[in-house]
Amino acid sequence: MFHTALTSADLIFLAKGAGMTILVTAISVFIGTLLGIVFGVLRGQLGPIWFAPVTFVLDIFRSVPLLIQLVLANAFVGMVLRLHISGLTVACMVLSLYTAAYCTEIVRGGIHAVPATTRRAARSLGMSWLQDMRYIVLPLATRIALPSWIGLALGVMKDSALVYVVQVTELLKSTQILITRLQEPLFLLLICGAFYFIISFPLARFGGYLEKRWSND
Amino acid sequence: MIEIQNVHKSFGQLEVLKGIDLTVQKGEVVTVIGGSGSGKSTLLTCINGLEPIDKGKILVDGTEVHAKTTNLNKLRQKIGIVFQQWNAFPHLTVLENVTLAPRKVLGIGKAEAEAIAEKQLKHVGLGEKLSTYPTRLSGGQQQRMAIARALAMSPDYMLFDEVTSALDPQLVGEVLETLKMLAEEGMTMICVTHEMAFARDVSDRVAYFHKGIMAEIGAPDQLFNDPQHPETRKFLASVR
Ligand SMILES: Nc1ncnc2c1ncn2[C@@H]1O[C@H](COP(=O)(O)OP(=O)(O)O)[C@@H](O)[C@H]1O
Ligand SMILES: [Mg+2]
């Protein structure tokens, strides 16, 4: 018979870790997506040359491993700026920018995929640039970019496991704490994986649902 | 009245319009014919300010299109344009395609905009397709929807750029019928077209464009039966 020392209190402890994972992911994806939209639209308006400085900074966020970004950002905030900011805030700031860096590319690609002739038709009806963006370009770009964006959000959720380095006890860290105490690594990792799946599944399904609905257009 | 005065326009080194002069009176139907690359489309996109010009000026009801002080979004409300590619907004239903600009640009309420749109869609024979998405329509239907969309803004002028060129041959007739109907209702129109029979039928005047120049303009009878310019003769012989 299978026996485990895992108690319901431990499960609640894991659930709290999962809650932290959801919180960090939700905040970062939300802020990162807003920034990504702003940067993606600006990139289209300013052109690659004027936007180059921002592209350069975003490239740094995309190419330096997240773990290093977190450690450096934490050290910078604490030792250089001498601010007392919680690890959670640092984690959300770094992950938001990390998300924004990827999201900018997704938004740029989505906007670029809207045919120039469609936009010209909108403008020729007297729509302003903003109205064209609001009613034509962004809705169409959203449909094009949605699968990549879902992929990004799921990726950020898994990458958020790294925020333990700034003292945020999210799902994976909670699991490790229990592993150290209970010495049942495989069973606990199985449960941890199940938690991740339960968090991801609705998002993936929601994306599938939207894609299906929009494909009827 | 649309007044085009000595308009020059280049894309980089390529001079596409080399001094065009043309005045279109209220209620007049002018068709523009000519070889590919002669600058016909460019002229239309200059008239509603989608393209800047290098020299000369274009006046629409006395407003200079390319003056810095001109509010182009406002000016475009009275100049409808329909392109060769029908450019439906694919995420909106047929009805929404047509109500969008009246609602957002003119600020008309939803019910009134829908009434206007329904009237225009019925007018072009799409009264049964209001809640359909454009991708479910044939090319000819999409093109007629684009015409209704432009008409819903109650424009004073309509510009048509080869609106039948991308259609299957059997769908050309229905769109030309729609244009003919508009012409008969007194709409002021400039139509770029390759349909010579149509041009002969609906035009008050026909203009022949050749390499950025308006080589000849005249009543359809005169231009088709007794062309003055050698290039016009060559062109007409090639399309007959
Ligand atoms: N946006 C553009 N950029 C560069 N060249 C263009 C552009 N639009 C049109 N042209 C060129 O200008 C010329 C005239 O084009 P157009 O006005 O479309 O001719 P038409 O409609 O008579 O076939 C063509 O040689 C075309 O390649
Ligand atoms: Mg053309």
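What follows is a conversation about a predicted model, covering a ligand site, a chain interface and a salt bridge.

Trainee: Before we start, what are the ground rules for this model?

Mentor: Residues are numbered from 1 along each chain as its sequence is written, while chains are lettered from A and ligands numbered from 1 in the order in which they are written. The model is predicted, with local features needing pLDDT of at least 70, side-chain atom pairs counting only at pLDDT 80 or more, and totals for chains, interfaces and linings using all residues; side-chain values use heavy atoms, with hydrogens and water left out.

Trainee: What makes a residue count as near ligand 1?

Mentor: One of its heavy atoms must lie within 4 Å of the molecule. The residues around ligand 1 include Phe11(B), Leu14(B), Val16(B) and Lys40(B). By class the shell has three nonpolar, seven polar and one charged residues; here Ala, Val, Leu, Ile, Met, Phe, Trp, Tyr, Cys and Pro count as nonpolar, Asp, Glu, Lys and Arg as charged, and the others, Gly among them, as polar.

Trainee: Which element gives the largest share of that shell?

Mentor: That is α1(B), with three residues. Both β2 (14–24) and α1 (40–47) of chain B supply at least two residues each. Helices (H or I, at least four residues) and strands (E, at least two) are DSSP runs, numbered from the N terminus.

Trainee: Why is the pair of ligand 1 and Ser41(B) called a polar contact?

Mentor: A polar contact is a pair of N or O atoms within 3.5 Å; within protein, one must be able to donate a hydrogen and the other to accept it, and residues adjacent in sequence count only if both atoms are side-chain atoms. An oxygen atom of ligand 1 is 2.6 Å from an N or O atom in the side chain of Ser41(B), so the pair qualifies. A polar side-chain atom of Thr42(B) lies 2.4 Å from an oxygen atom of the ligand, and a polar backbone atom of Ser38(B) is 3.1 Å from one.

Trainee: How many residues of each chain take part in the contact between chain B and chain A?

Mentor: Chain B gives 23 residues and chain A 19, where contact means heavy atoms within 4.5 Å. The two chains bury about 1,900 Å² between them, 64% of it on carbon and sulfur atoms; buried area is the accessible area (1.4 Å probe) that two parts lose on being put together, summed over both. Phe89(B), His91(B) and Lys104(B) supply 28% of the area that chain B buries against chain A.

Trainee: How many salt bridges cross that interface?

Mentor: The rule finds zero there, though three residue pairs are in polar contact. Over all chains the structure holds 13 salt bridges.

Trainee: Why is Asp59(A) with Arg62(A) called a salt bridge?

Mentor: The term needs a side-chain nitrogen of Lys or Arg within 4 Å of a carboxyl oxygen of Asp or Glu. For Asp59(A) and Arg62(A) the closest N and O atoms are 3.2 Å apart, so the pair meets the rule. Side chains of opposite charge can pair when their charged atoms come close. Both residues lie in helix α2 (residues 52–63) of chain A, three residues apart, about one turn of the helix.
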